[in-house]
Amino acid sequence: MQTTSKPWKLVLSGAMVLTLLAGCGTSNTAENTGEGTGGEVTVSKEGFPIVDKPVTLSLMAPDVGIQNWEDMVVLQQMKEKTGITLEYRNAPKDSFETKKNLVFASGDYPDILYAAGLTTAEQMNYGEQGILIPLEELIEEYAPNFKALLEENPDVRKSITAPDGHIYSLPVVEMSQHWYRNPLWYNGDFLKALKIDKLPETTEELYTYLKRVKEEDPNGNGVADEIPLSSVTVTSANLRDIRTWLLGAFGIYEEEIYVDDADKVHYTPMEEGYKEYLAFMNRLWSEELLDHESFSQTAEQKKAKAQNNRVGLFSDWHAYMTKGGEPSTEDPMFAPVKSDSVDKPAIAKNRGITTGAFAITESNPEPEASMRWVDYLYSYEGAMFFNKGPEGMLWEYTDKEARVKKYLPVPDGKEMEDYRATLTPNYGIPAPTLSMDDINKGLKTDFDLWVEQETQTKLLDKGARIPFPSLFLTVEEQTEINSLNSDLSTYVKQMEAKFITGAEPFANWDAYVDTVKKMGGERVAEINQAAYDRWKSN
């Protein structure tokens, strides 16, 4: 398998975030000599093994707790192929952030940070301290796949380059995972019961649908127990699962900051469109069309209602994940609606770039070998290997030359995703990856193709775009933003709930905006405007 640097087509990869990498090529050209864990080590620029003597490196990552990483066949085979042994210093996913902070404070760093979710602030802070090493020269010399990606997608380079000019981490790149947030889905059973064959296109039509759900007993049980629209609390982010889609009806792309078509950055909670969104939500709340437990319930509580066929509109990765049962094409994706105040809805699209997925620390004795190891993730072979495991376990080729595959029976009656999670660390964590066309070639079900078509016709064809790019703030800017948001974000969330529930009358809107300004709302927009202008000019 020869590593190439040809352009890759990127595609929707569903709920699967690819990961890591796997080996490449067959050349044995030795290019770099350095001092490693086994003494003088030669690192080749192509092929397997990567090193001519055994190397041991430590790696820290979040662990979802399904399989010990030492027992994952993908990592075992990578050890054999590369000559690099990894010692895992993992922590449970739920407590990983705490461990990451403790490790940075301790001075005892792992050689590699993998799927660590390093924020731009962390990259700048620990990069300037020398804890994270710059990667741009290593990319140039030892990462042909990732280098090609940067050449073909300039926005990726812009988004991972810190203000000091260095690259401190490699990203997750999924430009064909288009959803900014999980879509909203209509309950198809309700649509049939109400004889609705045309989905709402305006806020008034949406209101009418929700009103009919409440009043016309679409679940047919003779009890007025239907809940037209239901949301959940995610940590402190009330309504986050539905907010973006409904903000769009009033010309707002994103809940905090967004850039308009004239390259002006806006702070959403001060916008007139945001006020109109709150007024619409208050209308739904006052008429009990929005679930009154939306500010307190968990996702599991919402699902319990939906699985009793009570909910008319809701958010999830797929509708059946809330409703229960098997994947179905009978529950259509929400088509963004528009209000009278805009010509078309604002539709937010996924940035496609998540920074902070892979970093090398100052303690690493073999950064060249580490870069070679991770670069294979950004090739087809490596992405395939780490996404779905080795051929013959979860999948096999039906036409290898054309990269067409089929799934194999899953052993022991396991669910496919649960089995996949035992093979590879590429499960449920933001691991470095490139999503590409051929990964799922031949593997997509009719349901997968239907979801892609829904996404195309209802989002992409309707003008979906990235609301604000992934970019860096300077250390000073980030410090100021953090200071402002510590109080501002809390106030905005509290006031959102008060306006929607009627606890705060809209007569007090101007006083609310004045308070937001005094707390730094305009300054948040100014800082992000400066960062955006730098990003755009690069």
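A charge sits over a ring if NZ of Lys or CZ of Arg is within 6 Å of the ring centre and within 35 degrees of the ring normal. The model is predicted: local features need pLDDT of at least 70, side-chain atom pairs count only at pLDDT 80 or more, and totals for chains, interfaces and linings use all residues. Residues are numbered from 1 along each chain as its sequence is written, and side-chain values use heavy atoms, with hydrogens and water left out.

**Exercise 1.** State which ring lies under the charged end of Arg283, and which under Lys81.

*Solution.* The charged end of Arg283 is placed over the ring of Tyr207, 3.7 Å from its centre. Lys81 lies over the face of Phe385, with 4.2 Å to the ring centre.

**Exercise 2.** Describe the surroundings of Lys388.

*Solution.* Step 1: Lys388 belongs to helix 14 (residues 380-388); helices are DSSP runs of H or I, at least four residues, numbered from the N terminus. Step 2: Lys388 is buried, that is, under 20% relative accessible area (1.4 Å probe, protein chains only). Step 3: Lys388 has no salt bridge, and Glu417, the nearest side chain of opposite charge, is 6.1 Å away; a salt bridge requires a side-chain nitrogen of Lys or Arg within 4 Å of a carboxyl oxygen of Asp or Glu. Step 4: the side chain of Lys388 makes polar contacts (N or O atoms within 3.5 Å, one able to donate a hydrogen and the other to accept it) with the side chains of Tyr407 at 3.1 Å and Asn440 at 3.2 Å.

Key:
Helix = DSSP H or I, 4+ residues; strand = E, 2+ residues; numbered from the N terminus. Buried < 20%, exposed > 50% of the residue type's maximum accessible area, 1.4 Å probe, protein only. Lys, Arg positive; Asp, Glu negative; His and termini not counted.
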